[in-house]
Each structure stands twice: as structure tokens, then as C-alpha cells.
Amino acid sequence: GGEGGGVERVRFLSRDSHSAFTAARASLTAPAASLAMQSYIESKGYSWILETEDDGDDEPQRPLLEELEIDVGDIVTKARWALKPPADVGEINDFWGPAAVVMLYAALVVWGQMRVVSWILSLGVFGGGTVWFLARVLGADLTYAHTLGSLGYTTLPLVLARALVPLVGTAGPAGLAVRVVATAWSTLSATSWMRHDGLANKRALLAYPILLYFYFFIAVASGV
């Protein structure tokens, strides 16, 4: 029994020593094989395979809002201007703010009439393009982005009206008054936002298509 146990221990130690020797040899030969493979690839002119690009990990990660160029403070300021226009709003090249206002209006409408959302988005793009074209014809040097941004932000009074109409009733005179006031408010704000030297004596001509623009926004929501 003692001799058998000794033989088993010798065999175990032999296997253990062999495993350790194999692992040590592999650890020594792996770097050499890697260097040999690298030298062979470079000698064949394929060194570009081994090149790695700088992922820019050294650059600090910017916040998501900054990556998307969303300035919340600027959007809030312009939303206030939509309700009370200043003397000069400057050039509007904002996308997310006007889109958010129009989508908010669509979200309020979607509760009762899902099918009109596509109409609202189409009116926002193509109706804005029509207003921009007419403004250019009248002599205003306005960009399409400025026109869409101005009309998008000044849709905010319609958003407020849409939130109030269920409270005062849709068919009654109070609901009609809310819609009329909101449409006039949006029209005056948009006309002020799109003020230009070329429209000094033609603002009333531009106000009419803007009025129709917001009227159709109200119409698709109320079914008028």
C-alpha cells in the first residue's frame, strides 16, 4: 500500500511538472511567434493591417444635448419670444425648438384624432415653404430655415389654445373665441419674427398667408 501511494505521488508530480513546463514554454514562445508573425506581415507589405486608429479616447465625452446641438435655455427664451415678440429676434437656425413646439401641438391633437398628425407635420413643412416663397417674392431676404423656425416657435399660442379648448368647450362661443385669439396671436408673432427691411410696406401682404397657415393648423385639429 505504501509503495502504491508513492508511485501515485510520483506520477502526480510528474504530470504537474510537465504541465508547468508546457505552460512556461508556451509563455516564452508566444511573444516570439507574435514578433515573427509581425515581421513576416511587414515584409510582405501588409503592415497597414497592424495599424490602429486613434479612437479619440483622450477627448472628454460631451453631454448628449451638446452632441445634438440642443440649447434648452435658448429654446425656452425663444418660446417666451413667441408669446411676446421682441423688437428683433435675429436669424433663426434652430431645428429642435420649432420641431418640439409643432410636435407638442400634434401630441395634443392626437388624443382625439390620430389621423391629423400627418397633416400637421405636412402643413409645417410645405406650408412653411409656401410662406417662405411668398416672402421672397415680396422682397424679403429670408432663409427657409428662419421661416420654418419662426413659424414653428410661434405655433405656441395654438398649443395653449389646444390645451384650453377641452376646458371651455369646442362648439361653444368660448372655444371659438380661444381659437380666434390664438390664431391672431400666432399671426402677429410670426409677422414680427419675420420682419425685414424688404417688407417695410408689405407686412400686411405677408400677414395674410401666415394667417391662413395657422388657420389650417386650427382647422385640422377642430374639423372646421
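This report covers the empty spaces in a predicted model: one enclosed cavity and the largest pocket.

## How the spaces are found

Rolling a probe the size of a water molecule over the atoms shows where empty space is left.

## The cavity

Searching the whole structure turns up one cavity of 30 Å³ or more. The largest cavity holds about 70 Å³ of space. Two elements each give two or more residues to its lining: helix H7 (156-168) and helix H9 (203-222). H7 supplies the largest share, four residues.

Ten residues line this cavity. Nearest its centre lie Arg-162, Val-165, Arg-179, Ile-218 and Ala-221. Sorted by class, the lining has six nonpolar residues, two polar and two charged.

## The largest pocket

The volume of the largest pocket is about 340 Å³. Its lining is made of 17 residues. Closest to the centre are Phe-95, Pro-98, Ala-99, Val-125 and Leu-148.

Three helices give two or more residues each to this lining. They are H4 (96-110), H5 (117-137) and H6 (144-153). H6 gives the most, with six residues. By class, the pocket lining has twelve nonpolar residues, four polar and one charged.

## Two points to check

Which element gives the largest share of the cavity lining? Helix H7 does, with four residues.

Which residues lie closest to the centre of the largest pocket? Look for Phe-95, Pro-98, Ala-99, Val-125 and Leu-148.

Conventions:
Residues are numbered from 1 along each chain as its sequence is written. This is a predicted model: local features need pLDDT of at least 70, side-chain atom pairs count only at pLDDT 80 or more; totals for chains, interfaces and linings use all residues. Side-chain values use heavy atoms; hydrogens and water are left out. On a 1 Å grid over the protein atoms alone, a cavity is a set of points where a 1.4 Å probe fits but cannot get out, and a pocket is an open set with protein on both sides within 12 Å along at least five of seven lines; lining residues have an atom within 4 Å of a point. Grid points are joined across faces, edges and corners, and a volume is the space filled by probe spheres set on the points. Ala, Val, Leu, Ile, Met, Phe, Trp, Tyr, Cys and Pro count as nonpolar, Asp, Glu, Lys and Arg as charged, and the others, Gly among them, as polar.
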